[in-house]
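Visitor: I'm new here and would like a walk through this one. Could you take my questions one at a time?

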Amino acid sequence: MLTKIEKISPLSAFAINNIKSSENTSMDFLSFREKLSLANIGHPQKREEWKAARLAIKNTLDSLSLPYPGFYKDNHGKSHTMDESGHVSLTHHGDYAAAIFHREMSVGIDLERVRDKTVPLGPKYLDPSEMKFLGADPFLYTMAWSVKESIYKCQGKKGISLRQNIILEPFTANDKIIKGKIYGSDFSDHHYQVMSYSENDMILTYTVW
C-alpha cells in the first residue's frame, strides 16, 4: 500500500504512512503531554507505530492547513484533540499507520492485512446473515472485519459487539462503499457508509458520521 494523503472534503482528510520510513522523522510538533507518552513507550515496535500514527494525523492537518493541537485518549480508548477542535481516528497494522480527521463529525479508520484465519474466526465477529453472503473468501471476511472496526471506532464507546450490534448490508469485493448499522445501542438509528480501499493484501476502510 502506497503512502498517501487524501483530502476528502474541505473539512476532512486521511493519510497513510509507512512505519519504517517514519523512523527518523522529527517529532518536535508533538504536544508536551504526547512527548511524555512517547518517552514512556518501551517496546521499539510500539514506539514506531505510535510515532507513525501521529505523523499521519499531522499530514492530514497539514493538508487542511490546520495546526497540530495534540491528542489524547478517553476512557473508551478513543482519541480526541486537546483543544476540542475536531475529530480524529488512528490505526496501524503491519508496516503501515493511518489517520483521519474531520473538523465537525466523528470518524473511524482501520487498516487490516488479508489473512486466511479471518474465515474460521468469522463466527466471533459476524452475524450468520453476513456469513451467508461472504462465502468463505478471506478478502471479504477481512473487509467485513475492517468495516466493522471503522464503525466501532466512529461511534466511540465500549460495550458494542461487532457480531451482535454491528450488521453489514451485502457487499462484493468490487464495492467501494459498504453500508452498515448499529443495533441495540444509543446509535441504533444511524446508518454508516464506509469507504473501502485495497492494494495487494492490505485493506483500508474509513467512515464519517
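The questions below go from confidence to cores, ring pairs and charges.

Visitor: What is the mean pLDDT of the protein chain?
Guide: First, some ground rules: this is a predicted model, where local features need pLDDT of at least 70 and side-chain atom pairs count only at pLDDT 80 or more, while totals for chains, interfaces and linings use all residues. Residues are numbered from 1 along each chain as its sequence is written, and side-chain values use heavy atoms, with hydrogens and water left out. pLDDT is the predictor's confidence in each residue, from 0 to 100. In the protein chain, 98% of residues reach 70 or more, and the mean is 92.

Visitor: Which element has the highest mean pLDDT?
Guide: Elements here are DSSP runs numbered from the N terminus: helices (H or I, at least four residues) and strands (E, at least two). At the low end, with a mean of 90, is strand S3 (residues 71-73). The highest mean, 97, belongs to S7.

Visitor: Which element gives the largest share of the largest nonpolar core?
Guide: A nonpolar core is a set of buried Ala, Val, Leu, Ile, Met, Phe, Trp, Tyr and Cys residues joined through side-chain atoms within 4.5 Å; buried means under 20% relative accessible area, exposed over 50%, and partly exposed in between (1.4 Å probe, protein chains only). The largest core has 23 residues, with Ile57, Leu61 and Phe101 making the most contacts inside it. S2, H2, strand S5 (87-93) and strand S6 (96-102) each supply at least two of its residues. The largest share, 7 residues, comes from H2.

Visitor: How many residues are in the second, separate core?
Guide: This core stands apart from the one with Ile57. Among its members are Cys154, Phe171, Ile178 and Tyr192. Its count of residues is 21.

Visitor: What kind of aromatic pair do phenylalanine 14 and tyrosine 206 form?
Guide: Rings of Phe, Tyr and Trp (its six-membered ring) pair if their centres lie within 6.5 Å; planes under 30 degrees apart count as stacked, over 60 as edge-to-face and the rest as tilted. Phenylalanine 14 is in strand S2 (residues 12-18) and tyrosine 206 in strand S11 (residues 202-208), so their pair ties together parts 192 residues apart in sequence. Both residues are buried. With centres 5.1 Å apart and 40 degrees between the planes, the pair is tilted.

Visitor: Phenylalanine 133 and phenylalanine 171 also pair up, so is their pair stacked or edge-to-face?
Guide: Phenylalanine 133 sits in helix H4 (residues 128-134), and phenylalanine 171 in the loop between strand S8 (166-168) and strand S9 (177-182), 38 residues away. Phenylalanine 133 is partly exposed at 24% relative accessible area, whereas phenylalanine 171 is buried at 5%. Their ring centres are 5.7 Å apart and the planes meet at 75 degrees, so the pair is edge-to-face.

Visitor: How far apart are the N and O atoms in the salt bridge of glutamate 34 and arginine 54?
Guide: A salt bridge is a side-chain nitrogen of Lys or Arg within 4 Å of a carboxyl oxygen of Asp or Glu. Glutamate 34 is in helix H1 (residues 32-39) and arginine 54 in helix H2 (residues 44-63), 20 residues apart. Glutamate 34 is buried at 1%, and arginine 54 is buried at 7%. From N to O, the distance is 3.2 Å.

Visitor: Over which ring does the charged end of arginine 54 sit?
Guide: A charge sits over a ring if NZ of Lys or CZ of Arg is within 6 Å of the ring centre and within 35 degrees of the ring normal. For arginine 54, the distance to the ring centre is 4.1 Å. The ring belongs to tryptophan 50.

Visitor: Which residue forms a salt bridge with arginine 113?
Guide: Arginine 113 lies in strand S7 (residues 107-113), and its partner is in the loop between strand S10 (191-199) and S11, so the bridge ties together parts 88 residues apart in sequence. Arginine 113 is partly exposed at 25%, and the partner is partly exposed at 31%. The two side chains meet at 2.9 Å, N to O, and the partner is aspartate 201.
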